[in-house]
Amino acid sequence: MRIDWMFFSIKPSTIISSLCYSVFRVEPYSSCLYGCIFCYAKWYRKGLEMNSSQILNAWKSLARRLKDVDLPPPVFRLSTLVEPFQDKLEMKNRIALRILEIADRYEIPLIINTKSDLIMRSPWIDVILKLSDKNLVLVQVSIVTTNSNISKALEPGAPIPQRRLALIERLRDHSVPVVVRLQPLIPGIENLQLETAKEVLSYGALGIIVEPLRETRNGLAKIAKAIGIAPKSYLNNHLWKPYSFSSSNQGLLYPDIEWRKRMFYELFTLTLKFGKALTICKDGLWLSFSIYNADCCQSWHIKRTHAMRKTLYECLISSKSRFPHIYLLSYGDFQKYPRVIRRALRLHYNKLIKVLNNKKLLRKLIITNSSHAK
Ligand code: SF4
C-alpha cells in the first residue's frame, strides 16, 4: 500500500505552516472514546483510517528509512487526533505500544500527548523509560482544569485530573521529561485554569503549553452548560470573535486579543516564577511572548539531536537554533528524507512562503489572529 504523506503529517495551512515545528505525527487509532466536548480533532480524522497492520507496517518502514538518512530524524507526535492510550482500545490492540517499540528500535524521537495514565503500567512504562534513557521522548500531559466536576463535564471519558497529576509526578520521579498542555484555555474558568497551572508546576511539570478555545456557536453553548454559565449570556459576550484561519469551514469563534493577551501574560508570569517555560500553540501572538524560540511543543526537552522545520520565527526573528541539539532544516535538506517526509516539508514550506509574501495575512496572523485586523 502506498502511504500518503498525510498519514504522517498535519495538513499545511496558514496557521500550521507558519507556526508549527512539529508537523509529523503517527496516529494509532482513528476514533477517540474520551468524548471531550471541545474536541476539534474529530473534524480532521476523516480519510486517515488505516487498519492496525497498515499503520504499523507503514510506521516501521518509515522509521527504518529515517535511520539511514544522513541527517537527524524529525520528531513525531503520538498523536494529534486521538488519545493514543485509550484503555479500552489500547489494552486490546496495543498499537500505541508497538509504535513506541518501533521508535525505540530505530531511535525516532517522540512527543507523546496523553490524558491517560495507562502509560504508567507495564509494558508501556518499560518502553517509555527506555526511550527516556535514550533522550528520545517528551510526554505532554493534557489537562483542562483540576476541578473534577468541570473536568467530568468537559472530558467525560478521560481519567480524572488527579490521576493525571499523579502521572506527571511519577514520570518526573523517573526523570522522564514532562510538560503540560493546559488546553483549551476557556473563558469563564480563567481562575481555575490559573490554579491548575500552579498545581501542575508544583507536581514537577517542566513547562506549560496553552491553546485558546476555538469553537462553533453550538459547541460554545455546550461548554457554557458544562462550566455552569447560561449559554445565552456566554454567547452574547463580546469577547467572541470569528476565527478566520479555520480550514474546516465550521464558523469557529475565538476569544478576542485582549482576553488572550491577559491570559498569556498571567500564565507567562506564573511559569517564570517557577523558573519554567510557557509556550502558546497556534496563536501568532506567541511570537511576541517567545523568549527561547517559537517551538510551542517544547521539544527542546528531547535532548537527542533531532531535526525541525523552520517557521515564521526563523524567517522574521532569528534564523539560528537556540539549542545545539535542534537541527533546523533548510530547503536543500528536504530531499534527503523519505518521500512522505520530503513531500510534507515542501508543502509546508510553500505555504509558509505564501504567508510571508502576503503582508496583510502576515499582519493578521501575528497581530490579532482574528478576522478583525484593520
Ligand atoms: S482526548 Fe483528545 S482526541 Fe480524544 S476526544 Fe478528547 S480532545 Fe479529542
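## The sheet

Seven strands form an open sheet in this predicted model. Their order is β1-β2-β3-β4-β5-β6-β9, and the pairing is parallel. The edges belong to β1 (24-25) and β9 (277-280). Each has a single partner strand, so one side of each is left without a neighbour in the sheet.

Now look at one pair inside that order. Strand β4 covers residues 137-143, and strand β5 covers residues 178-185. They pair in the parallel sense over five bridges. Serine 142 stands opposite arginine 181 in β5. Helix α7 (residues 161-173) packs on the sheet and touches both β4 and β5. The direction of α7 makes about 160° with that of β4.

## Two packed helices

Two packed helices are described by the angle between their axes and the distance between the axes. Helix α2 spans residues 52-67, and helix α4 spans residues 95-106. They pack at an angle of about 15°, with their axes 9 Å apart. Angles under 35 degrees count as roughly parallel, so α2 and α4 are roughly parallel to each other. The crossing of α2 past α4 is right-handed.

Which residues make the contact? From α2 they include Ile55, Leu56 and Trp59. From α4 they include Ile99, Ile102 and Tyr106. The residues of this contact divide into 10 nonpolar, one polar and four charged.

## Around the ligand

Which residues are around the ligand? They are Cys32, Tyr34, Gly35, Cys36, Cys39, Ala41, Val82, Glu83, Lys115, Glu155 and Ala158. This shell divides into seven nonpolar residues, one polar and three charged.

Technical notes
Residues are numbered from 1 along each chain as its sequence is written. This is a predicted model: local features need pLDDT of at least 70, side-chain atom pairs count only at pLDDT 80 or more; totals for chains, interfaces and linings use all residues. A residue is near a molecule or strand if its C-beta atom, placed from the backbone, lies within 6 Å of it. Ala, Val, Leu, Ile, Met, Phe, Trp, Tyr, Cys and Pro count as nonpolar, Asp, Glu, Lys and Arg as charged, and the others, Gly among them, as polar. Two strands pair if DSSP finds at least two bridges between them. Helices (H or I, at least four residues) and strands (E, at least two) are DSSP runs, numbered from the N terminus. Two residues are in contact if their C-beta atoms, placed from the backbone, lie within 7 Å. Axes are lines fitted to C-alpha atoms, for helices over the stretch in contact, and angles run from 0 to 180 degrees between N-to-C directions. Angles under 35 degrees count as roughly parallel, over 145 as roughly antiparallel, 65 to 115 as roughly perpendicular and the rest as oblique. A crossing is left-handed if the near helix is turned anticlockwise from the far one by less than a right angle, and right-handed if clockwise.
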